[in-house]
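The following paragraphs lead the reader through selected local features of a protein model. The sequence and structure are shown first.

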Amino acid sequence: MTFSIHGSAVARGIAIGRAVLVASSRVDVAHYFIEASQIQAEVARVRAGRDAVVDEIHRLQAAMPKDAPQELTALLDVHLMLLQDEMLTSGVKQWITDRLYNAEWALTSQMEVLARQFDEMEDEYLRERKADLEQVVERVLRYMRGTAAPVAHSTPRRKTQQDLLLDDTVDVPLILVAHDVSPADMLQFKQSVFAGFVTDVGGKTSHTAIVARSLDIPAVVGARLSSQLIRQDDWIIIDGEAGVVIVDPSPIILAEYGFKQRQGELERTRLARLRNTPAITLDGQRVELLANIEMPEDAANALSVGATGVGLFRSEFLFMGRSTQTQNHLPDEDEQYQAYVRAVLGMQGLPVTIRTVDVGADKPLDSRHDRTLNDEAHLNPALGLRAIRWSLADPAMFLTQLRAILRAAALGPVNLLIPMLAHLSEIRQTLALIDQARAELVQRGQAFGPVRLGAMIEIPAAALTLKTFLRYFDFLSVGTNDLIQYTLAIDRADESVAHLYDPLHPAVLHLVAETIAQGHAQGKSVSVCGEMAGDVSLTRLLLGMGLRSFSMHPSQILAVKQEVLRADTVKLRAWAQKVLEAEDPAEAMTST
Ligand code: PEP
Ligand code: MG
(Lines give C-alpha, C1' and ligand atoms only; values in the text may rest on other atoms or scores of the structure.)
(Ligands and ions follow the chains in the order given, each with its own letter.)
Protein backbone atom coordinates (compact mmCIF):
# COMPACT_ATOMS: atom_id res chain seq x y z
CA MET A 1 0.00 0.00 0.00
CA THR A 2 1.35 3.42 -0.95
CA PHE A 3 1.85 5.94 1.82
CA SER A 4 3.92 9.05 2.34
CA ILE A 5 6.00 10.49 5.18
CA HIS A 6 6.78 14.17 5.48
CA GLY A 7 10.01 15.69 6.76
CA SER A 8 12.33 18.59 6.00
CA ALA A 9 13.58 19.04 2.46
CA VAL A 10 17.35 18.95 2.35
CA ALA A 11 18.61 18.59 -1.18
CA ARG A 12 16.80 19.11 -4.40
CA GLY A 13 16.05 16.27 -6.74
CA ILE A 14 14.19 13.01 -6.87
CA ALA A 15 15.57 9.60 -5.99
CA ILE A 16 13.75 6.38 -6.76
CA GLY A 17 15.10 3.15 -5.38
CA ARG A 18 15.03 0.47 -2.77
CA ALA A 19 15.34 1.18 0.94
CA VAL A 20 18.43 0.08 2.80
CA LEU A 21 17.63 0.25 6.49
CA VAL A 22 20.67 0.80 8.61
CA ALA A 23 20.67 1.00 12.38
CA SER A 24 22.23 4.30 13.46
CA SER A 25 24.98 2.47 15.27
CA ARG A 26 25.94 0.64 12.11
CA VAL A 27 26.06 3.32 9.48
CA ASP A 28 29.83 3.13 9.66
CA VAL A 29 29.78 -0.52 8.56
CA ALA A 30 31.30 -0.66 5.08
CA HIS A 31 28.73 -0.51 2.29
CA TYR A 32 30.00 -1.37 -1.15
CA PHE A 33 29.31 -3.63 -4.08
CA ILE A 34 31.48 -6.60 -4.85
CA GLU A 35 32.27 -8.16 -8.21
CA ALA A 36 30.42 -11.36 -9.08
CA SER A 37 33.77 -13.17 -8.89
CA GLN A 38 34.03 -12.24 -5.19
CA ILE A 39 30.72 -13.81 -4.13
CA GLN A 40 32.24 -17.04 -2.83
CA ALA A 41 34.93 -15.21 -0.89
CA GLU A 42 32.42 -12.87 0.75
CA VAL A 43 30.12 -15.72 1.73
CA ALA A 44 33.15 -17.50 3.17
CA ARG A 45 34.10 -14.40 5.14
CA VAL A 46 30.72 -14.27 6.87
CA ARG A 47 30.86 -18.00 7.49
CA ALA A 48 34.32 -17.73 9.03
CA GLY A 49 33.16 -14.86 11.28
CA ARG A 50 30.13 -16.82 12.34
CA ASP A 51 32.14 -20.00 12.99
CA ALA A 52 34.59 -18.05 15.11
CA VAL A 53 31.77 -16.75 17.30
CA VAL A 54 30.21 -20.22 17.52
CA ASP A 55 33.60 -21.58 18.68
CA GLU A 56 33.89 -18.80 21.20
CA ILE A 57 30.49 -19.68 22.65
CA HIS A 58 31.37 -23.38 22.77
CA ARG A 59 34.53 -22.51 24.69
CA LEU A 60 32.51 -20.39 27.10
CA GLN A 61 30.06 -23.23 27.61
CA ALA A 62 32.86 -25.69 28.29
CA ALA A 63 34.43 -23.36 30.83
CA MET A 64 31.15 -22.69 32.60
CA PRO A 65 31.15 -23.79 36.26
CA LYS A 66 28.54 -26.36 37.21
CA ASP A 67 26.70 -23.92 39.46
CA ALA A 68 26.51 -21.16 36.84
CA PRO A 69 23.13 -19.43 36.77
CA GLN A 70 20.71 -21.15 34.48
CA GLU A 71 19.88 -17.91 32.66
CA LEU A 72 23.46 -17.66 31.50
CA THR A 73 23.54 -21.13 29.98
CA ALA A 74 20.17 -20.51 28.40
CA LEU A 75 21.42 -17.22 26.96
CA LEU A 76 24.41 -18.88 25.32
CA ASP A 77 22.10 -21.50 23.84
CA VAL A 78 19.93 -18.74 22.39
CA HIS A 79 22.99 -17.06 20.89
CA LEU A 80 24.08 -20.32 19.30
CA MET A 81 20.64 -20.93 17.95
CA LEU A 82 20.44 -17.45 16.45
CA LEU A 83 23.85 -17.79 14.83
CA GLN A 84 22.98 -21.09 13.24
CA ASP A 85 19.50 -20.10 12.23
CA GLU A 86 18.79 -20.77 8.59
CA MET A 87 17.02 -17.41 8.23
CA LEU A 88 20.22 -15.61 9.09
CA THR A 89 22.63 -17.68 7.03
CA SER A 90 20.54 -18.07 3.91
CA GLY A 91 19.39 -14.45 4.07
CA VAL A 92 22.93 -13.15 4.22
CA LYS A 93 23.97 -15.38 1.36
CA GLN A 94 21.13 -14.03 -0.70
CA TRP A 95 22.08 -10.37 -0.17
CA ILE A 96 25.60 -11.22 -1.28
CA THR A 97 24.64 -13.34 -4.27
CA ASP A 98 21.64 -11.44 -5.60
CA ARG A 99 22.61 -7.90 -4.73
CA LEU A 100 26.39 -8.13 -4.61
CA TYR A 101 26.51 -6.50 -1.17
CA ASN A 102 29.79 -6.83 0.68
CA ALA A 103 29.74 -9.30 3.59
CA GLU A 104 29.25 -6.79 6.43
CA TRP A 105 26.49 -4.97 4.60
CA ALA A 106 24.71 -8.26 3.81
CA LEU A 107 24.92 -9.32 7.44
CA THR A 108 23.52 -6.06 8.82
CA SER A 109 20.79 -5.99 6.16
CA GLN A 110 19.61 -9.45 7.11
CA MET A 111 19.82 -8.50 10.76
CA GLU A 112 17.46 -5.58 10.09
CA VAL A 113 14.98 -7.93 8.41
CA LEU A 114 15.05 -10.34 11.34
CA ALA A 115 15.00 -7.57 13.94
CA ARG A 116 11.78 -6.32 12.38
CA GLN A 117 10.27 -9.78 12.67
CA PHE A 118 11.19 -9.90 16.35
CA ASP A 119 9.61 -6.45 16.86
CA GLU A 120 6.35 -7.76 15.50
CA MET A 121 6.16 -10.81 17.74
CA GLU A 122 3.33 -11.01 20.24
CA ASP A 123 5.33 -12.83 22.87
CA GLU A 124 7.36 -10.43 24.98
CA TYR A 125 10.12 -12.96 25.65
CA LEU A 126 10.61 -13.54 21.94
CA ARG A 127 10.46 -9.79 21.21
CA GLU A 128 13.32 -9.26 23.57
CA ARG A 129 15.50 -11.72 21.64
CA LYS A 130 16.13 -8.92 19.16
CA ALA A 131 18.81 -7.58 21.49
CA ASP A 132 20.51 -11.00 21.45
CA LEU A 133 20.44 -11.05 17.69
CA GLU A 134 22.09 -7.63 17.61
CA GLN A 135 24.75 -8.80 20.02
CA VAL A 136 25.71 -11.87 18.06
CA VAL A 137 25.81 -9.94 14.80
CA GLU A 138 28.00 -7.34 16.48
CA ARG A 139 30.39 -10.12 17.49
CA VAL A 140 30.50 -11.61 14.02
CA LEU A 141 31.21 -8.14 12.62
CA ARG A 142 34.07 -7.77 15.07
CA TYR A 143 35.60 -11.05 13.89
CA MET A 144 35.22 -10.01 10.29
CA ARG A 145 36.88 -6.65 10.79
CA GLY A 146 40.36 -7.99 10.21
CA THR A 147 39.38 -9.80 7.06
CA ALA A 148 37.82 -7.09 4.94
CA ALA A 149 37.84 -7.76 1.25
CA PRO A 150 39.66 -5.27 -0.96
CA VAL A 151 37.36 -2.38 -1.76
CA ALA A 152 36.87 -2.33 -5.49
CA HIS A 153 33.45 -1.67 -6.75
CA SER A 154 31.36 0.45 -8.83
CA THR A 155 28.69 2.84 -7.73
CA PRO A 156 25.42 1.63 -9.17
CA ARG A 157 24.33 3.12 -12.39
CA ARG A 158 21.37 5.43 -11.88
CA LYS A 159 18.58 3.66 -13.63
CA THR A 160 15.94 5.28 -15.70
CA GLN A 161 12.30 4.98 -14.91
CA GLN A 162 11.84 2.36 -17.64
CA ASP A 163 14.70 0.29 -16.29
CA LEU A 164 13.10 0.40 -12.89
CA LEU A 165 9.80 -0.87 -14.12
CA LEU A 166 11.35 -3.59 -16.20
CA ASP A 167 13.95 -5.12 -14.03
CA ASP A 168 14.72 -5.28 -10.42
CA THR A 169 18.12 -6.77 -10.03
CA VAL A 170 21.55 -5.73 -8.95
CA ASP A 171 22.14 -2.12 -9.81
CA VAL A 172 18.90 -0.57 -8.70
CA PRO A 173 19.55 2.73 -6.86
CA LEU A 174 19.62 2.35 -3.10
CA ILE A 175 18.29 4.80 -0.54
CA LEU A 176 19.66 4.80 2.97
CA VAL A 177 17.05 4.96 5.72
CA ALA A 178 18.26 5.46 9.30
CA HIS A 179 16.99 6.87 12.54
CA ASP A 180 19.94 9.26 12.64
CA VAL A 181 23.29 9.66 10.96
CA SER A 182 26.05 11.72 12.54
CA PRO A 183 27.70 14.39 10.38
CA ALA A 184 30.97 12.42 10.46
CA ASP A 185 29.28 9.23 9.27
CA MET A 186 27.36 11.14 6.64
CA LEU A 187 30.68 12.45 5.34
CA GLN A 188 31.85 8.87 4.78
CA PHE A 189 29.05 8.46 2.29
CA LYS A 190 30.66 10.94 -0.10
CA GLN A 191 31.84 8.09 -2.31
CA SER A 192 28.91 5.94 -1.43
CA VAL A 193 26.57 3.67 -3.23
CA PHE A 194 23.49 5.52 -2.03
CA ALA A 195 21.29 7.56 -4.31
CA GLY A 196 19.43 9.25 -1.46
CA PHE A 197 19.01 9.48 2.31
CA VAL A 198 16.12 9.55 4.75
CA THR A 199 16.47 10.07 8.50
CA ASP A 200 13.87 10.16 11.26
CA VAL A 201 15.44 13.07 13.07
CA GLY A 202 17.19 16.33 12.23
CA GLY A 203 16.32 19.81 11.06
CA LYS A 204 16.99 21.42 7.71
CA THR A 205 20.19 23.09 8.90
CA SER A 206 21.39 20.33 11.22
CA HIS A 207 24.95 19.44 10.32
CA THR A 208 23.85 16.04 9.08
CA ALA A 209 21.52 17.79 6.63
CA ILE A 210 24.30 20.15 5.61
CA VAL A 211 26.63 17.27 4.78
CA ALA A 212 23.81 15.45 2.99
CA ARG A 213 23.30 18.59 0.90
CA SER A 214 26.97 18.66 0.03
CA LEU A 215 26.65 15.14 -1.35
CA ASP A 216 24.23 16.64 -3.83
CA ILE A 217 21.80 13.78 -3.78
CA PRO A 218 18.15 13.90 -2.70
CA ALA A 219 17.66 13.73 1.05
CA VAL A 220 14.88 14.21 3.59
CA VAL A 221 15.55 14.58 7.31
CA GLY A 222 13.15 14.72 10.22
CA ALA A 223 10.86 12.20 8.46
CA ARG A 224 9.70 10.86 11.79
CA LEU A 225 9.26 7.12 12.19
CA SER A 226 10.46 6.45 8.66
CA SER A 227 12.99 3.91 9.90
CA GLN A 228 10.12 2.07 11.56
CA LEU A 229 7.54 2.40 8.82
CA ILE A 230 9.81 1.61 5.91
CA ARG A 231 11.01 -1.96 5.51
CA GLN A 232 14.26 -3.29 4.19
CA ASP A 233 14.07 -3.37 0.41
CA ASP A 234 10.82 -1.40 0.07
CA TRP A 235 10.57 0.70 -3.05
CA ILE A 236 10.65 4.36 -2.10
CA ILE A 237 10.71 7.75 -3.76
CA ILE A 238 12.39 10.73 -2.15
CA ASP A 239 11.34 14.19 -3.20
CA GLY A 240 14.22 16.23 -1.83
CA GLU A 241 12.56 19.48 -2.72
CA ALA A 242 9.20 18.91 -1.07
CA GLY A 243 10.63 16.92 1.84
CA VAL A 244 8.42 13.92 1.10
CA VAL A 245 9.13 10.20 1.11
CA ILE A 246 6.70 7.97 -0.77
CA VAL A 247 6.74 4.32 0.19
CA ASP A 248 5.68 1.51 -2.11
CA PRO A 249 4.57 3.83 -4.93
CA SER A 250 1.99 2.74 -7.47
CA PRO A 251 3.05 2.58 -11.17
CA ILE A 252 1.28 5.90 -11.84
CA ILE A 253 3.15 7.67 -9.05
CA LEU A 254 6.40 6.06 -10.20
CA ALA A 255 5.82 7.33 -13.72
CA GLU A 256 5.07 10.85 -12.49
CA TYR A 257 8.19 11.04 -10.35
CA GLY A 258 10.27 9.46 -13.10
CA PHE A 259 9.17 12.35 -15.29
CA LYS A 260 10.01 14.91 -12.59
CA GLN A 261 13.40 13.28 -12.14
CA ARG A 262 14.20 13.66 -15.83
CA GLN A 263 13.04 17.29 -15.76
CA GLY A 264 15.44 17.92 -12.89
CA GLU A 265 18.31 16.36 -14.80
CA LEU A 266 17.55 18.55 -17.82
CA GLU A 267 17.51 21.63 -15.60
CA ARG A 268 20.93 20.71 -14.23
CA THR A 269 22.35 20.32 -17.70
CA ARG A 270 20.97 23.70 -18.61
CA LEU A 271 22.41 25.36 -15.50
CA ALA A 272 25.82 23.82 -16.16
CA ARG A 273 26.15 26.18 -19.12
CA LEU A 274 26.40 29.11 -16.69
CA ARG A 275 29.64 27.80 -15.22
CA ASN A 276 31.91 30.37 -16.88
CA THR A 277 29.43 33.25 -16.97
CA PRO A 278 30.52 35.99 -14.54
CA ALA A 279 27.96 36.56 -11.77
CA ILE A 280 26.93 40.12 -12.62
CA THR A 281 23.46 41.54 -12.10
CA LEU A 282 21.46 43.32 -14.80
CA ASP A 283 22.59 46.65 -13.34
CA GLY A 284 26.24 45.66 -13.41
CA GLN A 285 26.87 44.63 -9.79
CA ARG A 286 29.50 41.93 -9.47
CA VAL A 287 28.54 39.21 -7.00
CA GLU A 288 30.95 36.78 -5.38
CA LEU A 289 29.73 33.16 -5.34
CA LEU A 290 31.91 31.11 -3.04
CA ALA A 291 31.86 27.47 -1.96
CA ASN A 292 31.34 25.87 1.44
CA ILE A 293 33.48 22.76 1.74
CA GLU A 294 34.01 20.04 4.34
CA MET A 295 37.12 18.36 3.00
CA PRO A 296 40.07 19.64 0.93
CA GLU A 297 39.07 17.34 -1.91
CA ASP A 298 35.80 19.27 -2.28
CA ALA A 299 37.84 22.07 -3.87
CA ALA A 300 37.68 20.29 -7.22
CA ASN A 301 33.92 20.27 -7.06
CA ALA A 302 33.89 23.97 -6.14
CA LEU A 303 35.99 24.79 -9.20
CA SER A 304 33.87 22.63 -11.45
CA VAL A 305 30.82 24.82 -10.82
CA GLY A 306 32.76 28.06 -11.20
CA ALA A 307 33.11 29.07 -7.52
CA THR A 308 35.44 32.04 -7.21
CA GLY A 309 36.86 30.89 -3.91
CA VAL A 310 36.03 28.98 -0.75
CA GLY A 311 33.98 31.10 1.65
CA LEU A 312 33.82 28.46 4.37
CA PHE A 313 36.05 25.43 4.90
CA ARG A 314 34.50 23.70 7.92
CA SER A 315 37.79 22.45 9.32
CA GLU A 316 36.08 20.47 12.08
CA PHE A 317 35.45 17.63 9.64
CA LEU A 318 39.17 16.89 9.84
CA PHE A 319 38.69 16.40 13.58
CA MET A 320 35.57 14.26 13.49
CA GLY A 321 34.95 10.54 13.18
CA ARG A 322 38.35 9.59 14.63
CA SER A 323 38.62 7.12 17.44
CA THR A 324 38.69 8.91 20.77
CA GLN A 325 40.57 5.94 22.19
CA THR A 326 43.72 6.40 20.17
CA GLN A 327 46.61 8.79 20.72
CA ASN A 328 46.04 10.72 17.54
CA HIS A 329 42.37 11.32 18.06
CA LEU A 330 42.97 14.92 16.96
CA PRO A 331 44.91 15.71 13.79
CA ASP A 332 48.42 17.00 14.53
CA GLU A 333 49.93 20.13 13.00
CA ASP A 334 51.41 18.37 9.99
CA GLU A 335 48.27 16.45 9.18
CA GLN A 336 46.27 19.66 9.35
CA TYR A 337 48.87 21.57 7.35
CA GLN A 338 48.74 18.96 4.58
CA ALA A 339 44.95 19.19 4.48
CA TYR A 340 44.92 23.01 4.31
CA VAL A 341 47.61 22.95 1.64
CA ARG A 342 45.54 20.54 -0.43
CA ALA A 343 42.59 22.95 -0.22
CA VAL A 344 44.75 26.00 -1.03
CA LEU A 345 46.48 24.35 -4.00
CA GLY A 346 43.21 22.75 -5.06
CA MET A 347 41.66 26.21 -5.47
CA GLN A 348 44.44 27.25 -7.86
CA GLY A 349 45.11 30.74 -6.56
CA LEU A 350 41.54 31.57 -5.53
CA PRO A 351 41.05 32.55 -1.87
CA VAL A 352 40.29 29.87 0.73
CA THR A 353 38.54 30.82 3.96
CA ILE A 354 39.48 28.33 6.64
CA ARG A 355 37.28 28.42 9.69
CA THR A 356 38.89 27.24 12.90
CA VAL A 357 37.39 24.16 14.42
CA ASP A 358 33.71 24.25 15.35
CA VAL A 359 32.91 21.01 17.15
CA GLY A 360 30.25 20.57 19.80
CA ALA A 361 26.46 20.74 19.71
CA ASP A 362 25.29 18.55 16.81
CA LYS A 363 28.87 18.04 15.59
CA PRO A 364 30.33 15.60 18.10
CA LEU A 365 33.94 14.58 17.58
CA ASP A 366 32.97 10.94 17.57
CA SER A 367 29.58 9.85 16.33
CA ARG A 368 28.61 7.71 19.28
CA HIS A 369 30.70 8.20 22.38
CA ASP A 370 30.57 11.95 22.43
CA ARG A 371 26.94 12.17 21.61
CA THR A 372 26.08 10.16 24.68
CA LEU A 373 28.53 12.16 26.69
CA ASN A 374 27.11 15.39 25.38
CA ASP A 375 23.56 14.45 26.07
CA GLU A 376 24.24 13.29 29.56
CA ALA A 377 26.74 15.86 30.68
CA HIS A 378 25.42 18.95 28.94
CA LEU A 379 21.75 19.57 28.71
CA ASN A 380 22.16 22.34 26.16
CA PRO A 381 25.16 21.41 24.02
CA ALA A 382 24.37 24.19 21.53
CA LEU A 383 24.87 26.67 24.36
CA GLY A 384 27.90 24.84 25.71
CA LEU A 385 31.55 24.38 24.95
CA ARG A 386 31.38 24.75 21.20
CA ALA A 387 33.55 26.30 18.45
CA ILE A 388 35.85 29.11 19.66
CA ARG A 389 34.91 28.33 23.25
CA TRP A 390 36.29 24.82 22.79
CA SER A 391 39.41 26.19 21.09
CA LEU A 392 40.10 28.75 23.82
CA ALA A 393 39.61 26.08 26.46
CA ASP A 394 42.56 24.17 24.95
CA PRO A 395 45.10 26.76 23.78
CA ALA A 396 47.71 24.15 22.80
CA MET A 397 45.24 22.49 20.45
CA PHE A 398 44.15 25.88 19.06
CA LEU A 399 47.75 27.02 18.52
CA THR A 400 48.42 23.81 16.60
CA GLN A 401 45.57 24.63 14.25
CA LEU A 402 46.55 28.29 13.90
CA ARG A 403 50.16 27.40 13.03
CA ALA A 404 48.98 24.90 10.42
CA ILE A 405 46.69 27.50 8.80
CA LEU A 406 49.34 30.25 8.86
CA ARG A 407 51.86 27.90 7.25
CA ALA A 408 49.40 26.93 4.51
CA ALA A 409 48.86 30.65 3.85
CA ALA A 410 52.41 30.79 2.48
CA LEU A 411 51.17 28.85 -0.54
CA GLY A 412 48.12 30.87 -1.57
CA PRO A 413 45.53 33.40 -0.39
CA VAL A 414 43.98 32.33 2.92
CA ASN A 415 41.33 33.96 5.10
CA LEU A 416 41.19 32.88 8.71
CA LEU A 417 37.65 32.77 10.07
CA ILE A 418 36.71 32.44 13.75
CA PRO A 419 33.35 30.88 14.70
CA MET A 420 30.90 31.72 17.51
CA LEU A 421 32.55 34.81 18.93
CA ALA A 422 30.41 36.95 21.24
CA HIS A 423 32.71 38.56 23.81
CA LEU A 424 35.46 41.13 23.56
CA SER A 425 37.53 38.93 25.85
CA GLU A 426 37.26 36.06 23.35
CA ILE A 427 38.34 38.37 20.53
CA ARG A 428 41.35 39.51 22.53
CA GLN A 429 42.39 35.99 23.49
CA THR A 430 42.02 34.82 19.90
CA LEU A 431 44.12 37.66 18.52
CA ALA A 432 46.77 37.06 21.17
CA LEU A 433 46.93 33.37 20.26
CA ILE A 434 47.24 34.19 16.55
CA ASP A 435 50.19 36.46 17.42
CA GLN A 436 51.67 33.72 19.55
CA ALA A 437 51.30 31.18 16.72
CA ARG A 438 53.15 33.54 14.37
CA ALA A 439 55.88 34.11 16.97
CA GLU A 440 56.33 30.35 17.39
CA LEU A 441 56.72 29.91 13.64
CA VAL A 442 59.28 32.73 13.52
CA GLN A 443 61.18 31.05 16.29
CA ARG A 444 61.08 27.73 14.47
CA GLY A 445 62.19 29.44 11.28
CA GLN A 446 59.15 28.09 9.44
CA ALA A 447 57.53 29.94 6.55
CA PHE A 448 54.04 31.32 6.91
CA GLY A 449 51.86 33.73 4.97
CA PRO A 450 49.56 36.68 5.60
CA VAL A 451 45.90 36.02 6.36
CA ARG A 452 42.83 38.21 6.29
CA LEU A 453 41.06 37.82 9.59
CA GLY A 454 37.30 37.32 9.78
CA ALA A 455 34.65 36.76 12.43
CA MET A 456 31.52 34.70 12.07
CA ILE A 457 28.46 36.69 13.06
CA GLU A 458 26.21 33.93 14.29
CA ILE A 459 25.31 34.87 17.84
CA PRO A 460 22.81 37.72 18.21
CA ALA A 461 25.12 39.37 20.76
CA ALA A 462 27.76 39.67 18.02
CA ALA A 463 25.27 41.09 15.54
CA LEU A 464 24.26 43.68 18.13
CA THR A 465 27.84 44.78 18.87
CA LEU A 466 29.21 44.98 15.35
CA LYS A 467 31.31 48.04 16.05
CA THR A 468 33.65 45.97 18.17
CA PHE A 469 33.91 43.26 15.55
CA LEU A 470 34.54 45.77 12.79
CA ARG A 471 37.39 47.27 14.78
CA TYR A 472 39.28 43.99 15.08
CA PHE A 473 38.42 42.06 11.91
CA ASP A 474 39.00 42.49 8.18
CA PHE A 475 35.75 40.84 7.16
CA LEU A 476 32.54 39.37 8.57
CA SER A 477 30.76 36.19 7.61
CA VAL A 478 27.16 35.76 8.71
CA GLY A 479 26.38 32.25 9.92
CA THR A 480 22.65 32.34 9.48
CA ASN A 481 22.19 28.73 10.60
CA ASP A 482 23.24 29.55 14.12
CA LEU A 483 22.04 33.14 14.02
CA ILE A 484 18.51 31.84 13.44
CA GLN A 485 18.91 29.11 16.07
CA TYR A 486 20.07 31.54 18.75
CA THR A 487 17.77 34.45 17.82
CA LEU A 488 14.63 32.33 17.82
CA ALA A 489 15.70 29.84 20.50
CA ILE A 490 15.04 26.97 18.08
CA ASP A 491 17.39 23.99 18.12
CA ARG A 492 18.42 23.67 14.48
CA ALA A 493 18.78 19.89 14.85
CA ASP A 494 15.40 19.26 16.45
CA GLU A 495 12.73 18.25 13.97
CA SER A 496 9.95 18.85 16.48
CA VAL A 497 10.50 22.62 16.27
CA ALA A 498 11.62 22.68 12.63
CA HIS A 499 8.43 24.52 11.64
CA LEU A 500 9.50 27.46 13.83
CA TYR A 501 12.97 27.68 12.33
CA ASP A 502 12.29 30.72 10.17
CA PRO A 503 14.94 32.60 8.15
CA LEU A 504 12.28 35.21 7.34
CA HIS A 505 11.49 36.12 10.93
CA PRO A 506 11.74 39.95 11.08
CA ALA A 507 14.29 39.75 13.91
CA VAL A 508 16.59 37.51 11.84
CA LEU A 509 16.28 39.71 8.76
CA HIS A 510 16.98 42.79 10.84
CA LEU A 511 20.22 41.32 12.23
CA VAL A 512 21.40 40.15 8.82
CA ALA A 513 20.58 43.48 7.15
CA GLU A 514 22.33 45.48 9.88
CA THR A 515 25.45 43.35 9.64
CA ILE A 516 25.64 43.88 5.89
CA ALA A 517 24.96 47.62 6.15
CA GLN A 518 27.34 48.35 9.01
CA GLY A 519 30.10 46.20 7.54
CA HIS A 520 29.88 47.96 4.19
CA ALA A 521 29.70 51.37 5.85
CA GLN A 522 33.12 50.60 7.37
CA GLY A 523 34.46 49.41 4.03
CA LYS A 524 34.65 45.79 5.19
CA SER A 525 33.46 42.84 3.17
CA VAL A 526 30.48 40.89 4.47
CA SER A 527 29.53 37.46 3.30
CA VAL A 528 26.72 35.08 4.25
CA CYS A 529 27.85 31.47 4.59
CA GLY A 530 24.80 29.90 6.29
CA GLU A 531 22.26 27.91 4.30
CA MET A 532 20.32 31.10 3.50
CA ALA A 533 23.05 31.97 0.98
CA GLY A 534 22.31 28.88 -1.09
CA ASP A 535 18.54 29.17 -0.97
CA VAL A 536 17.44 30.49 -4.37
CA SER A 537 14.17 31.75 -2.94
CA LEU A 538 16.19 34.21 -0.82
CA THR A 539 18.81 35.36 -3.35
CA ARG A 540 16.87 38.44 -4.46
CA LEU A 541 16.15 39.49 -0.90
CA LEU A 542 19.80 39.20 0.14
CA LEU A 543 20.88 41.12 -2.97
CA GLY A 544 18.33 43.80 -2.11
CA MET A 545 19.77 43.97 1.39
CA GLY A 546 23.13 44.80 -0.22
CA LEU A 547 24.83 41.40 0.01
CA ARG A 548 27.47 40.86 -2.67
CA SER A 549 29.20 37.78 -1.32
CA PHE A 550 27.41 34.44 -0.97
CA SER A 551 29.02 31.22 0.22
CA MET A 552 27.18 27.93 -0.22
CA HIS A 553 27.46 24.29 -1.19
CA PRO A 554 28.87 23.92 -4.68
CA SER A 555 25.65 22.20 -5.73
CA GLN A 556 23.70 25.45 -5.24
CA ILE A 557 26.08 27.86 -6.96
CA LEU A 558 24.75 27.67 -10.51
CA ALA A 559 21.11 28.02 -9.47
CA VAL A 560 21.97 31.08 -7.34
CA LYS A 561 24.01 32.48 -10.22
CA GLN A 562 20.96 32.24 -12.44
CA GLU A 563 19.03 34.38 -9.92
CA VAL A 564 21.88 36.90 -9.80
CA LEU A 565 21.96 37.21 -13.58
CA ARG A 566 18.23 38.02 -13.62
CA ALA A 567 18.38 40.55 -10.76
CA ASP A 568 18.35 44.33 -10.81
CA THR A 569 19.68 45.47 -7.45
CA VAL A 570 18.40 49.03 -7.83
CA LYS A 571 14.82 47.74 -7.93
CA LEU A 572 15.51 45.08 -5.35
CA ARG A 573 16.83 47.58 -2.80
CA ALA A 574 13.48 49.36 -2.45
CA TRP A 575 11.58 46.09 -2.45
CA ALA A 576 13.84 44.55 0.21
CA GLN A 577 13.35 47.61 2.39
CA LYS A 578 9.58 47.03 2.31
CA VAL A 579 10.06 43.36 3.15
CA LEU A 580 12.31 44.27 6.07
CA GLU A 581 9.73 46.65 7.49
CA ALA A 582 6.82 44.27 7.06
CA GLU A 583 5.14 42.53 9.96
CA ASP A 584 5.10 39.35 7.85
CA PRO A 585 8.13 39.40 5.53
CA ALA A 586 7.23 36.09 3.87
CA GLU A 587 3.89 37.49 2.80
CA ALA A 588 5.44 40.83 1.79
CA MET A 589 7.88 39.02 -0.48
CA THR A 590 5.09 37.62 -2.59
CA SER A 591 2.63 40.53 -2.44
CA THR A 592 4.93 43.49 -3.11
C1 PEP B 1 26.21 28.90 10.34
O2 PEP B 1 26.01 28.79 11.55
O3 PEP B 1 25.42 29.48 9.57
C4 PEP B 1 27.42 28.34 9.72
C5 PEP B 1 27.74 28.59 8.48
O6 PEP B 1 28.17 27.49 10.48
P7 PEP B 1 27.73 26.01 10.86
O8 PEP B 1 26.54 25.68 10.02
O9 PEP B 1 28.88 25.13 10.59
O10 PEP B 1 27.40 26.12 12.30
MG1 MG C 1 27.57 28.14 12.86
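In this predicted model, Ala-489 is exposed, with a relative accessible area of 68%. This value lies in the exposed class because that class begins over 50% relative accessible area. Ala-489 is placed in the loop between helix 20 and helix 21 (506–521). Its backbone deserves attention: the phi of Ala-489 is near 55 degrees, a positive value in a residue other than glycine. Most residues other than glycine have a negative phi.

A second residue with this backbone feature is Leu-100, which has a positive phi of about 60 degrees although it is not a glycine. Leu-100 is likewise located in a loop, the one between helix 3 (86–99) and helix 4 (103–119). As regards solvent, Leu-100 counts as buried because its relative accessibility is 14%, and the buried class covers values under 20%.

Attention may now turn to the metal site. Which residues supply the protein donors of the magnesium ion (ligand 2)? They are Glu-458, through OE, and Asp-482, through OD, lying 2.0 to 2.1 Å from the ion. The pair links distant parts of the chain, the two residues being 24 residues apart. Glu-458 belongs to the loop between strand 13 (451–457) and helix 18 (460–463), whereas Asp-482 is part of helix 20 (residues 480–488).

Are these donor residues buried or exposed? Glu-458 counts as buried because its relative accessibility is 2%. Asp-482 also counts as buried, at 2% relative accessibility.

How values were computed: Residues numbered from 1 in each chain as written. Chains lettered and ligands numbered in written order. Predicted model: local features only at pLDDT ≥ 70, side-chain atom pairs only at ≥ 80, totals over all residues. Heavy atoms only, no water. Donors = N, O, S within 2.8 Å, 3.2 Å for Na, K, Ca; no water. Helix = DSSP H or I, 4+ residues; strand = E, 2+ residues; numbered from the N terminus. Buried < 20%, exposed > 50% of the residue type's maximum accessible area, 1.4 Å probe, protein only.
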